[in-house]
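Here are a few exercises to work through with the model open in your viewer. Try each task before you read the solution below it.

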Amino acid sequence: MFAMQHADQDPQVVETAKPYLLILSLSILPLMVFQTFKQFAEGLGFTKQAMSITIWGNVLNVIIAVILVKGMFGIEPMGVQGVGIATLIDRVLMMLVMMWYVLRSENFRVYIKHFSVKFVDFSKIIKVVKIGLPVAMQYVFEIGVFAVAALMAGNIGAVEQAAHQTAITLAAMTYMMAGGIASAATIKVGNSFGNKNYKRLQKFAYASYHLVIIFMMFFAVIFTLFNQYLPYLITNDLNVVALAAQLLIIAAIFQLFDGTQVVGLGTLRGMGDVNIPTLITFVAYWLVGLPAAYVLGIHFDAGVKGIWYGLTLGLLTSSALLYLRFRYVINKVLEN
């Protein structure tokens, strides 16, 4: 909220976004708890239940959001603030259901029967932090650069910011699928790495790369063929739709690199390699992508399309460097 107020954004956009962002910030804690239980279950290979909870949670989120935004069943219309409240309610419910599943399921009883809040093993905490902190920074670097890109788009104009958000929302749908493949890669690669079955590890890693490339190429075709129609899923503003349609052409290439870089991160994460990949994400996003987005979009006045060209360059850099890092690590492991 502070950044928006001091980044030359449209005043109406800032005033609308402030209550939404405040409510959304409150939902971070239940989201973190949900992710902790979810990733614990997924790390043991139980992914279907977490997927079901996530899907039904998203459906519930949409239903509650529509009710609150439009003011149905006697409720006063809340606008965008209703979206924030819906997200908060949804994340709390998802957290409770995921906790109930893990704590009550026989699948995890052997892991939690000796759990005690009174006993703290600091050596284990340090090990988790050594892996978890770099992984967290990877998310910070990636999400942060897209947040700054949104502010850049808002600096150009409200229509440009809306078009950016429309296109990025559509691209995020394919990214979620790629993220699922990356999570599967982390689990399978991690299990193979732990068992020292490096040939099997290679097969899972390359299969993940091939799968995400095929998947993203399919959606590249969808984005290209239907770029004039897909923005209508988000907005009916003709000016926003026209600009978002142009961004989706860039997204066709953009999301291919986005998919391969997230799989690269997932694969390396399964091998316990997190520090160098974190440095790669920082360099790719903050030293390559963001400066390129500013130079092309703002300095050379290419507008929001220039910002997207810069982001694409950052994702390309990340994807290429992470793949080279994977090749280096796996070759080193095989040599030993």
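**Exercise 1. A residue in a helix, and its long-range partners**

Task: Place Gly303 in its helix, decide whether Gly303 is buried or exposed, and find what Gly303 touches beyond its sequence neighbours.

Solution. Keep in mind that this is a predicted model.
- Start with the location: Gly303 sits in helix α12.
- Next, the accessibility. Gly303 has a relative accessible area of 15%, and the cut-off for buried is under 20%, so Gly303 is buried.
- Now the contacts. Once residues up to four places away in sequence are set aside, Gly303 touches Ile156, Leu296 and Gly297.
- Finally, a long-range distance: Gly303 and Asn155 are 148 residues apart in sequence, yet their C-alpha atoms are 9.9 Å apart in space.

**Exercise 2. Two helix pairs**

Task: Work out how helix α8 is oriented relative to α9, and then how α7 is oriented relative to α8.

Solution. Two packed helices are described by the angle between their axes and the distance between the axes.
- Take α8 (residues 158-194) and α9 (residues 198-225): their axes come within 9 Å and cross at roughly 175°. Angles over 145 degrees count as roughly antiparallel, so α8 is roughly antiparallel to α9.
- Which residues make this contact? From α8 they include Leu170, Tyr175, Ile181, Val189 and Phe193, and from α9 they include Tyr198, Leu201, Phe204, Val212 and Phe219. Sorted by class, the contact of α8 with α9 has 19 nonpolar, three polar and two charged residues.
- Turn to α7 (residues 122-156), which packs with α8 at an angle of about 155°, the axes being 7 Å apart. By that criterion, α7 is roughly antiparallel to α8.
- On the α7 side the contact is made by Glu142, Phe146, Ala149, Ala150, Ala153, Gly154 and Ile156, and on the α8 side by Glu160, Gln161, His164, Ile168 and Tyr175. The class split for α7 with α8 is seven nonpolar, three polar and two charged.

**Exercise 3. Classifying aromatic pairs**

Task: Say how many aromatic pairs a search of the whole structure finds, and classify the pairs Phe193 with Tyr198 and Tyr206 with Phe326.

Solution. A pair of aromatic rings is described by the distance of the centres and the angle of the planes.
- The count is 12 aromatic pairs for the whole structure.
- For Phe193 and Tyr198, the ring centres are 6.0 Å apart and the planes are at 55°, so this pair is tilted. Phe193 counts as partly exposed, at 27% relative accessibility.
- For Tyr206 and Phe326, the centres are 5.7 Å apart and the planes are at 80°, so this pair is edge-to-face. Tyr206 belongs to α9 and Phe326 to α12, so the pair ties together parts that are 120 residues apart in sequence.
- Check the accessibility of both partners: Tyr206 is partly exposed at 23%, whereas Phe326 is buried at 0%.
- One more thing to spot: Phe40, Phe46, Tyr101 and Phe108 form one aromatic cluster.

**Exercise 4. A polar side chain in a helix**

Task: Which backbone oxygen lies 2.8 Å from a polar side-chain atom of Thr312, and what else is Thr312 in contact with?

Solution.
- Thr312 is placed in helix α12 (residues 303-335).
- Its relative accessibility is 12%, so Thr312 counts as buried.
- The backbone oxygen in question is that of Trp308.
- Without its neighbours within four places in sequence, Thr312 is in contact with Ile250, Ile253, Phe254 and Phe257.

**Exercise 5. Unusual phi values**

Task: Where are Lys196 and Asp301 found, and are they buried or exposed?

Solution. Most residues other than glycine have a negative phi, and most peptide bonds are trans.
- Lys196 has a positive phi of about 60° although it isn't a glycine. Lys196 is in the loop between α8 and α9 and counts as exposed, at 64% relative accessibility.
- Asp301 also isn't a glycine, and its phi is positive, near 60°. Asp301 is in the loop between α11 (275-299) and α12 and counts as exposed, at 67% relative accessibility.

How values were computed: Residues are numbered from 1 along each chain as its sequence is written. This is a predicted model: local features need pLDDT of at least 70, side-chain atom pairs count only at pLDDT 80 or more; totals for chains, interfaces and linings use all residues. Side-chain values use heavy atoms; hydrogens and water are left out. Axes are lines fitted to C-alpha atoms, for helices over the stretch in contact, and angles run from 0 to 180 degrees between N-to-C directions. Helices (H or I, at least four residues) and strands (E, at least two) are DSSP runs, numbered from the N terminus. Angles under 35 degrees count as roughly parallel, over 145 as roughly antiparallel, 65 to 115 as roughly perpendicular and the rest as oblique. Contact means heavy atoms within 4.5 Å. Ala, Val, Leu, Ile, Met, Phe, Trp, Tyr, Cys and Pro count as nonpolar, Asp, Glu, Lys and Arg as charged, and the others, Gly among them, as polar. Buried means under 20% relative accessible area, exposed over 50%, partly exposed in between (1.4 Å probe, protein chains only). A polar contact is a pair of N or O atoms within 3.5 Å; within protein, one must be able to donate a hydrogen and the other to accept it, and residues adjacent in sequence count only if both atoms are side-chain atoms. Rings of Phe, Tyr and Trp (its six-membered ring) pair if their centres lie within 6.5 Å; planes under 30 degrees apart count as stacked, over 60 as edge-to-face and the rest as tilted.
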